[in-house]
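Here is a short briefing on one chain. Its parts are grouped by topic, from single residues to whole-chain values.

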Amino acid sequence: AGEPSQFSVDDAIEFLNDRKAKAVAKAGSKKETARQIDNECLKVAILDALADADEGLTVTEILSTDAVAGFETESPLTNQRVTAVLRLMKEKDGTVRKDKVGKAMKYFVA
């Protein structure tokens with residue numbers, strides 16, 4: 001486990017919104033799919049869920065939080081979909097980190 005960064009949830013949300021704006025601008029005539037737009041919004045809901053979780057959350061726990069469980073989407077939220085979005089947030093955006101806590105893999109705001 002690394003040292004927690006000074007990256008606040010608000011910083012992370014601002015970063016993701018900025019990144020989305022740049023991606024849209026770069027795409028030019030390419031249009032984001034509904035799923036891509038949905039996933040960007042899901043990232044913000046996940047950050048909201050993790051904001052209050054000092055002990056971190058597993059994917060199953062993230063799915064059951066109010067922020068994520070109440071997320072409006074055309075396609076159902078599954079464990080696999082949330083895991084894929086978390087992986088993007090960890091590897092591409094750097095907004096979350098994953099640590100082993102006991103036997104469980106838990107996610108934290110980076």
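K43 sits in helix 2, which covers residues 34-51. The model is predicted. K43 has a relative accessible area of 5%, so this lysine is buried, the cut-off being under 20%. Setting aside neighbours within four places in sequence, K43 touches L16, V85, L88, M89 and D93.

**Helix 2: E40**

- E40 is also found in helix 2.
- Its relative accessibility is 17%. E40 therefore counts as buried, because the value falls under 20%.
- Beyond neighbours within four places in sequence, E40 is in contact with L16 and K20.
- L16 thus appears in two contact lists: that of K43 and that of E40.
- E40 and I13 are 27 residues apart in sequence. Their C-alpha atoms are 9.9 Å apart in space.

**Helix 1: R19**

- R19 belongs to helix 1, residues 9-27.
- At 31% relative accessibility, R19 is partly exposed. The value lies between the 20% limit for buried and the 50% limit for exposed.
- R19 contacts K92 and D93, leaving aside neighbours within four places in sequence.
- D93 is in contact with R19, and D93 is in contact with K43.
- R19 and A110 are 91 residues apart along the chain. Their C-alpha atoms are separated by 16 Å.

**Helix 5: L86 and A84**

- Helix 5 spans residues 79-93 and includes A84. L86 lies in helix 5 as well.
- Is L86 buried or exposed? L86 is buried, because its relative accessible area is 0%.
- Which residues does L86 contact, apart from neighbours within four places in sequence? The contacts are I46, V59, I62, V96 and Y107.
- V96 is a residue of strand 1. Y107 is a residue of strand 2.
- I46 falls within the span of helix 2, and I62 falls within the span of helix 3.
- L86 and L47 are 39 residues apart along the chain, with 9.8 Å between their C-alpha atoms.
- A84 has a relative accessible area of 27%. A84 therefore counts as partly exposed.
- A84 and N39 are 45 residues apart along the chain. The separation of their C-alpha atoms is 9.7 Å.

**Loop between helix 3 and helix 4: T65**

- T65 occupies the loop between helix 3 (59-64) and helix 4 (66-69).
- T65 is buried, because its relative accessibility is 16% and the cut-off is under 20%.
- T65 is in contact with A49, L57 and G70, leaving aside neighbours within four places in sequence.
- A49 is a residue within the span of helix 2.

**The strand pair**

- Strand 1 covers residues 96-101 and strand 2 covers residues 104-109.
- How many bridges join strand 1 to strand 2? Six bridges join them, and the strands run antiparallel.
- V96 stands opposite V109 in strand 2.
- K100 has M105 in strand 2 as its bridge partner.
- The two strands form a hairpin with two residues between them. G102 takes a positive phi near 65° there.
- V96 links two topics: V96 faces V109 across the strand pair, and V96 is in contact with L86.

**Whole chain**

- The secondary structure comes to five helices and two strands.
- Along the sequence, the pattern reads α-α-α-α-α-β-β.
- The radius of gyration is 14 Å. This agrees with a compact globule, because such a globule of 110 residues would have a value near 13 Å.
- Taken along the principal axes, the C-alpha atoms fill a box of roughly 45 × 30 × 20 Å.
- Of the 110 residues, 35% count as buried. K43, L86, E40 and T65 are among the buried residues.
- Consider contacts between residues at least 6 apart in sequence. Of these, 57% join residues at least 24 apart.

**Surface and charge**

- The chain exposes about 6900 Å². Carbon and sulfur atoms supply 50% of that area.
- The chain holds 17 positive and 19 negative charges.
- How far apart are the mean positions of these positive and negative charges? They are 10 Å apart.

Conventions: Residues are numbered from 1 along each chain as its sequence is written. This is a predicted model: local features need pLDDT of at least 70, side-chain atom pairs count only at pLDDT 80 or more; totals for chains, interfaces and linings use all residues. Side-chain values use heavy atoms; hydrogens and water are left out. Helices (H or I, at least four residues) and strands (E, at least two) are DSSP runs, numbered from the N terminus. Buried means under 20% relative accessible area, exposed over 50%, partly exposed in between (1.4 Å probe, protein chains only). Contact means heavy atoms within 4.5 Å. Two strands pair if DSSP finds at least two bridges between them. The radius of gyration is taken over C-alpha atoms; the globule rule is 2.2 Å times the number of residues to the power 0.38. Accessible areas come from the Shrake-Rupley method with a 1.4 Å probe; for residues, only the protein chains shown count as cover. Lys and Arg count as positive and Asp and Glu as negative; His and the chain ends are not counted. The place of a charge is taken as NZ of Lys, CZ of Arg, CG of Asp or CD of Glu.
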